[in-house]
Amino acid sequence: MKTKRNLSIGVLLFTLIVGTEVSSAQENYSVVKRVDNFNQPTTFYPTKATPVNGAVSENVVTSAKRILNKEKPFLKKGVVKTVGETNLSAWQMTSDEGGNPQSAPNPLTYFTAGAASDLLTQVERSIQIMGLDVEEVKVETEFFFRWSDIMTDNWSGYTDKVVTNIVVKSNESAEKIKELKEISIRAWSIGESLASTTPINKANIINGDDWDGKSAQAGQVPSPISKDNGRTISNTTAPLSLQTIKVSEDLHMDMNNFPKEMSFSEVGIAESAKDSKRPYLHKLRAKSLTANYETWELYADDSRGYKDGNSAPTSREYFTLGTSFCLMSQLTPNQMYFAKKGVKIDDFGVEHQFNYRENNFMTPSMTGEMTDVVTRILVKSDADEKLANEFAVQALRCCFAGEGIVYPTEMETNIYLNGKLVK
């Protein structure tokens, strides 16, 4: 892995984008909002998970499009839903890059926080399976990302490494805590998808028939605070201080020495919200270590099967929509890059379905996996179809999150007991 450089991605990205003409009538959007209806993807038919003996499956589907805002060209919104789960609502979220201030979490905040929360869920389940007495547990993580050959035809994005630390406070023996780590990692579907090669069904839809509801609309996110049933489920918060990971300071880029390659990281914490009625409700905090990015606090609810529905999006819904938002963010600067080559792209959108499965659910032999990924990029353009397709292909190649899922990523997972690393 290359040496980490924490650069101001927001500054870089804004230099690549020209102002967008936006009408004065702007709709106000929330960071996270429960919605009654989910607009079905237009490029594939979402499928409900097929029951398998001893397994729990969840298929998560997303649909994302741009929000036009001349001051925030990376603003976007998306809707996410776990298919066929009537007790899980659909959620609409927004995402923003850079800005000052940043109006919504950047894509990799959702991606990183969702991954950490999913591991915490498996740790909490494994504690229950093993019958351990644990006073407190949390997950700390750092994801390392990289762009190479920026603003060239070889422009690419990578997830270089994921460091994830399980932090336990308990009187249990080190041997049992080590076993807890092993069971939890095996059950971590998102971690398995990052560590291995995941099959992907991908296609680019150029000038498809149905753009109803997909076209970009003018809008803004006036507040970082989102509330649902009286609970604040999104807000900005104080800078992070991690127990097992050193958080470096935000650094700015020298715009007079524009890089061809840049590396940055995202840090996050997932911990229990300590809600007795929702045992898998988590408080998440995450931040991109770059200038002009906020530290975000979100809530995730993995309390599957509990009454009264969900109190917040699930960990996997955050992770899946974070991937869609990441791809949207790559389409935006590539729109500018292709414009410089004389290729005009009018609009674009992204649709995803991620299929997750946990085999031998709630047993010591529980294993998690991501079985399939469906990726669709929608492009609207009068340009030659071959050129419009090249635009979509390059944007997909630039997507850090997608690269991390499709190709094996270096994973380092540790567990700490009462402040000491268990080896």
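This briefing covers the cysteines, the sheet and a helix that packs on it. The model is predicted, so that local features need pLDDT of at least 70 and side-chain atom pairs count only at pLDDT 80 or more, whereas totals for chains, interfaces and linings use all residues. Residues are numbered from 1 along each chain as its sequence is written, and side-chain values use heavy atoms, with hydrogens and water left out.

**Cysteines**
- With a disulfide taken as a pair of cysteine sulfur atoms within 2.5 Å, the count comes to zero.
- The sulfur of Cys-326 has its closest cysteine sulfur in Cys-399, at 3.1 Å, which is too far for a bond.
- Cys-326 is buried, with a relative accessible area of 1%, and Cys-399 is likewise buried at 1%, where buried means under 20% relative accessible area (1.4 Å probe, protein chains only).

**Sheet**
- Nine strands (DSSP runs of E, at least two residues, numbered from the N terminus) form an open sheet of mixed pairing in the order S10-S11-S14-S13-S12-S6-S7-S17-S18, two strands being paired if DSSP finds at least two bridges between them.
- Strand S10 (226–228) and strand S18 (420–422) stand at the edges with a single partner strand each, so one side of each lacks a neighbour in the sheet.
- Strand S13 (residues 281–288) pairs with strand S14 (residues 295–301) in the antiparallel sense over six bridges, and Leu-284 has Leu-298 in S14 as its bridge partner.

**Helix on the sheet**
- Helix H5 (residues 315–340), a DSSP run of H or I of at least four residues, packs on the sheet and touches strand S6 (134–148), strand S11 (231–237), S13 and S14, contact meaning heavy atoms within 4.5 Å.
- The direction of H5 makes about 135 degrees with that of S14, where axes are lines fitted to C-alpha atoms, for helices over the stretch in contact, and angles run from 0 to 180 degrees between N-to-C directions.

Note on methods:
Buried means under 20% relative accessible area, exposed over 50%, partly exposed in between (1.4 Å probe, protein chains only).
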